[in-house]
Amino acid sequence: MKLPVKIFVFICFLAISLWSAPKTNDRISLAIDGMSVNEFIKLVAATTKKNIFIGEEIPGNISYAGNKAISKKDLYLLLQTTLEGKGYTLVDTGGGFLSVVKLADVTQMNLPLMKKSDIPQMQSHIFSFRFGSAENMGAKIKHFMSKNGKITFTKDSNSVIVTDFPETIATIEKAIKILDVKDETTSNTTHVIPLKNADAKSLVTTLGTVIGKMTLSPGQQAPTITSDDATNSLIVIANDELFRSLEETIKSLDHVRQQVYVKAKIIEISESKAKEVGIKYGLSGGKVGSSGLYTFDTSLEDGAISAVSLDSALSSAISIPTLTSGIALGANISLLNSNGAANVLSEPSILCIDNQESSIYVGKTESISSGVTQGVGTGITQNYTRQDIGLTLKIKPRLSNDDKVLLGVNAKLEDIEAGSIPDRPSTTKREVITSAIVNNGESVIVGGLIREKNDQYNTKIPLFGDLPLIGNLFKNKDQSAEKVNLVIVLTPYIIEKSGDLSTLRHQLSQLDAIEQRYVDAITKKLQDKEIRP
């Protein structure tokens, strides 16, 4: 049987109206005057059909003037507000009942983690940050927390754990969206700085000391610096403000370092022969001072130098007083050498970086017996060790602003003692450590490395000395012992830029030629005196 259209429409309208009508039974009209807190808890339990455990008597009364009906959620909120004022709160235990607990103990309960609860109870929420540090952001959001809320920092994940009421956590979420933005003063970025002159590994150590003394603003992280040795680059992780400060320091340290070209002469000078030559030419072999520096005493006239033409380029590169004294020194050594009083063993040269130690080794490596080993079935085995025998010279130049060089010198001479057993020789070691301030192109002479030299001479009368049996009667053996001083002449030349090195070498070759002309001029002068009646 079909219903009339009008009746069908009326029934539908009525059903829609009933479905959409407000459910007044979900809202409660409440008016309280002087009810005890415990009775109010029982009222909430009966109204919401929830089980609530009250562990202890909660003192105090409550009054509430209600002019409008409230929801069950608001009723829980009213209860939570009441309990919070008494130092308590309401927690869902998950066991089918709610429990009234002290606020001081609530963080030890199994609170909901990042999920909604049926009641407005405390819960824990984890906040992670994109730009700000956990410590810095935690200090900011702490102002939004309730007095009973708790915050825990986790630096490894750059996050915080906040335990508080839902309304407070919702407020903190809004605050973080505003506060967690990129801050140019605190956010770190990575910078790669290729170095042109300085050594990256050494510079990391220097900059580490600088960073350790930096004053950081709240929230700023200290920069970190590592080196990439393959590309000689620095990798700097820092915020923009601190990086700008470090960048200026790096540029200052990454400058072109001056170099010092040190020319050395290693000479053996016989004291006795040097005295003989000195009588002839008016110079003495030299003296060693308490500092280990060696000096020549000479009365050679500088007039001979003035007679020799000096190259203008050479005289402009090296001052005239330094240049003339250098020529005179070279002439002294040449005269001693040509007369058998000196022996130039080696003339090495080394290019040093300012304030960085360099070394020269002149000598040989000897095999020296270190004992024997008795093997099983193999007999006796002779063991040997390799030992450096010779001169080790360490030089550390440091430039000053007035065209002077502070030379730190460490000279060590190791030698085999005369008369030692060939396979088990005794060795000697002599060492001089000194320093001197010299002008560009001026020489410093290191001495004091003295050794005894024993020579044996055999003489015989011609014919008679070769006769059998009686020939020894016409032979004579003679021994002489003399002191030989090992002298090291060091002459530093300042190299402003790398292109100056080839120019300097050309000038030094000219200087050698000038020295030889100077020696020839002195020799000729002495020969003229001897020829005169």
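Student: Accessible areas here come from the Shrake-Rupley method with a 1.4 Å probe. On that basis, what area does the chain expose?

Tutor: About 31700 Å². Carbon and sulfur atoms supply 53% of that area. Keep in mind that this is a predicted model.

Student: And what share of the residues is buried?

Tutor: Of the 533 residues in the chain, 36% are buried.

Student: How many helices and strands are there?

Tutor: The chain has 12 helices and 24 strands.

Student: Contacts next. Of those between residues at least 6 apart in sequence, what percentage joins residues at least 24 apart?

Tutor: That figure is 65%.

Student: Let's look at one sheet. What is the strand order in the open sheet with S8, S9 and S10?

Tutor: The order is S8-S10-S9, and the pairing is antiparallel. Strand S8 (123-128) and strand S9 (150-154) are the edge strands, each pairing on one side only. On average, neighbouring strands in this sheet are turned by 20° against each other, ignoring direction.

Student: How many bridges join S9 and S10?

Tutor: Five, in the antiparallel sense, with S10 covering residues 159-164. One of the residue pairs is Ile 151 with its bridge partner Val 162 in S10.

Student: Which helices lie across those strands?

Tutor: Helix H4 (residues 134-141) lies across S9 and S10 and runs at about 165° to S9. Helix H5 (residues 166-179) lies across S8 and S10, at about 5° to S8.

Student: Which residues of H4 are buried, and what do they pack against?

Tutor: The buried ones are Ala 134, Asn 136, Met 137, Gly 138 and Ile 141. They pack against S9, S10 and H5.

Student: Changing topic: which residues touch the most other members in the largest nonpolar core?

Tutor: Val 262, Leu 393, Ile 395, Leu 407, Ile 488 and Leu 490, out of 25 residues in that core. The elements giving two or more residues to this core include strand S14 (259-270), strand S20 (379-399) and strand S24 (475-495). Strand S21 (404-416) is also among them, and S21 gives the most, with five residues.

Student: What lies apart from that core?

Tutor: Another core, of 22 residues, including Ile 32, Ala 45, Ile 58 and Leu 98.

Student: What do nonpolar side chains tend to do in general?

Tutor: In soluble globular proteins, they tend to be buried together.

Key: Residues numbered from 1 in each chain as written. Predicted model: local features only at pLDDT ≥ 70, side-chain atom pairs only at ≥ 80, totals over all residues. Heavy atoms only, no water. Helix = DSSP H or I, 4+ residues; strand = E, 2+ residues; numbered from the N terminus. Buried < 20%, exposed > 50% of the residue type's maximum accessible area, 1.4 Å probe, protein only. Contact = heavy atoms within 4.5 Å. Pairing = 2+ DSSP bridges. Axes fitted to C-alpha atoms, helices over the stretch in contact; angles between N-to-C directions. Core = buried A, V, L, I, M, F, W, Y, C linked by side-chain atoms within 4.5 Å.
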